[in-house]
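Visitor: I have not seen this structure before. Please show it to me, and then I will ask how its labels are justified.

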Amino acid sequence: MEGWPEVLDTLRERGLDLSAYKEPQLERRLLSFIQREGFMSLEPFLDAVKDNRDLFRRLYSYLTIHVTEFFRDPPYWEAFRAAMAARPPGLISIWSAGCSWGAEPVTAAVILEELGRSFEVLATDSDEMVLDEARGGRFAAVDVDKVPARYRHYFHPEGPDHLRLVLQRGRITYLRHDLVVEPPPGRFDVVICRNLIIYFRPLVRQKVLERLAGAVKPTGLLFLGATETFLEYAQLGFVAASPALFYKERDP
Ligand SMILES: C[S@@+](CC[C@H](N)C(=O)[O-])C[C@H]1O[C@@H](n2cnc3c(N)ncnc32)[C@H](O)[C@@H]1O
């Protein structure tokens, strides 16, 4: 797009720093958002973003892409389940980074419930809008359809089209956290970050990956997305446990 650097500068002045994200996709999404909101050109849109907080929030939400689902890429969750079953007794702490409206932390939680394990999940995202939705703990029946039958009883019907998650052995806490600018919110037995770092520019991706790796305790696991590469794993003290799942032997 002609004038793209200026657009990024203007959005940054308005409080939206998108410099971490890969450009072509961001550009496509920005143009489609502008059209969707009924603007005929960029300038009136940039003016409107300045004064209209709702438009600003919708823009941020649209650009950050919230696609997610329960048990996304099922075989990877089977491998995760096997890794959790093999862990020594005791509480398991999990950080789900870039959790969107909650499908990923909930998937981890119901697996641990079913294994009879105690757990604490800290689920974070940079977008308050999706976190508000996640905190409700209430999910559309069409989404819960993706949950395998053995875990369905953790979802109790609530009205005709929704179900509520009911956990007994642990809890999920949702917190706003930006992976690009903030240090990790602690150290965990398991760090899950799937389908997010693919959107970052290479240098940002590298920095974020190092932060995520640093947040895993020795003997813990890092669980990435199905399409993400982690060629640096050995340098950072990990061994590959199965595709997308890395076991931390030691701190580097
Ligand atoms: C495509 S979704 C992936 C959701 C889930 N992890 C999954 O794999 O199904 C990416 C999520 O990352 C969040 N996100 C984008 N940039 C972020 C950042 N800098 N820090 C934390 N979360 C971010 C988005 O708001 C979005 O909810």
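Guide: What follows is a set of questions and answers about this predicted model.

Visitor: What makes the atom pair between Y21 and the ligand a polar contact?

Guide: A polar side-chain atom of Y21 lies 2.6 Å from a nitrogen atom of the ligand. The cut-off for a pair of N or O atoms is 3.5 Å, so this pair counts as a polar contact. E104 also places a polar side-chain atom 2.8 Å from a ligand nitrogen. For L179, a backbone N or O atom lies 2.9 Å from a nitrogen atom of the ligand. The protein covers 99% of the 600 Å² of accessible area that the ligand has on its own.

Visitor: Where does the ligand sit, and which residues are the closest?

Guide: The ligand sits in the largest cavity. Around the ligand are 21 residues, and the closest are Y21, T68, E104, D125 and N195. By class, the shell divides into seven nonpolar, eight polar and six charged residues.

Visitor: Why do C99 and C193 not form a disulfide?

Guide: A disulfide needs two cysteine sulfur atoms within 2.5 Å. The sulfur of C99 is 10 Å from the closest cysteine sulfur, in C193, and therefore too far for a bond. The structure holds zero disulfides.

Visitor: Why is C99 called buried?

Guide: Buried means under 20% relative accessible area. C99 has a relative accessibility of 1%, so C99 counts as buried. C193 is buried as well, with a relative accessible area of 0%.

Notes:
Residues are numbered from 1 along each chain as its sequence is written. This is a predicted model: local features need pLDDT of at least 70, side-chain atom pairs count only at pLDDT 80 or more; totals for chains, interfaces and linings use all residues. Side-chain values use heavy atoms; hydrogens and water are left out. A residue is near a molecule or strand if one of its heavy atoms lies within 4 Å of it. A polar contact is a pair of N or O atoms within 3.5 Å; within protein, one must be able to donate a hydrogen and the other to accept it, and residues adjacent in sequence count only if both atoms are side-chain atoms. Accessible areas come from the Shrake-Rupley method with a 1.4 Å probe; for residues, only the protein chains shown count as cover. On a 1 Å grid over the protein atoms alone, a cavity is a set of points where a 1.4 Å probe fits but cannot get out, and a pocket is an open set with protein on both sides within 12 Å along at least five of seven lines; lining residues have an atom within 4 Å of a point. A molecule sits in a cavity or pocket if more than half of its atoms lie within 2 Å of its grid points. Ala, Val, Leu, Ile, Met, Phe, Trp, Tyr, Cys and Pro count as nonpolar, Asp, Glu, Lys and Arg as charged, and the others, Gly among them, as polar. Buried means under 20% relative accessible area, exposed over 50%, partly exposed in between (1.4 Å probe, protein chains only).
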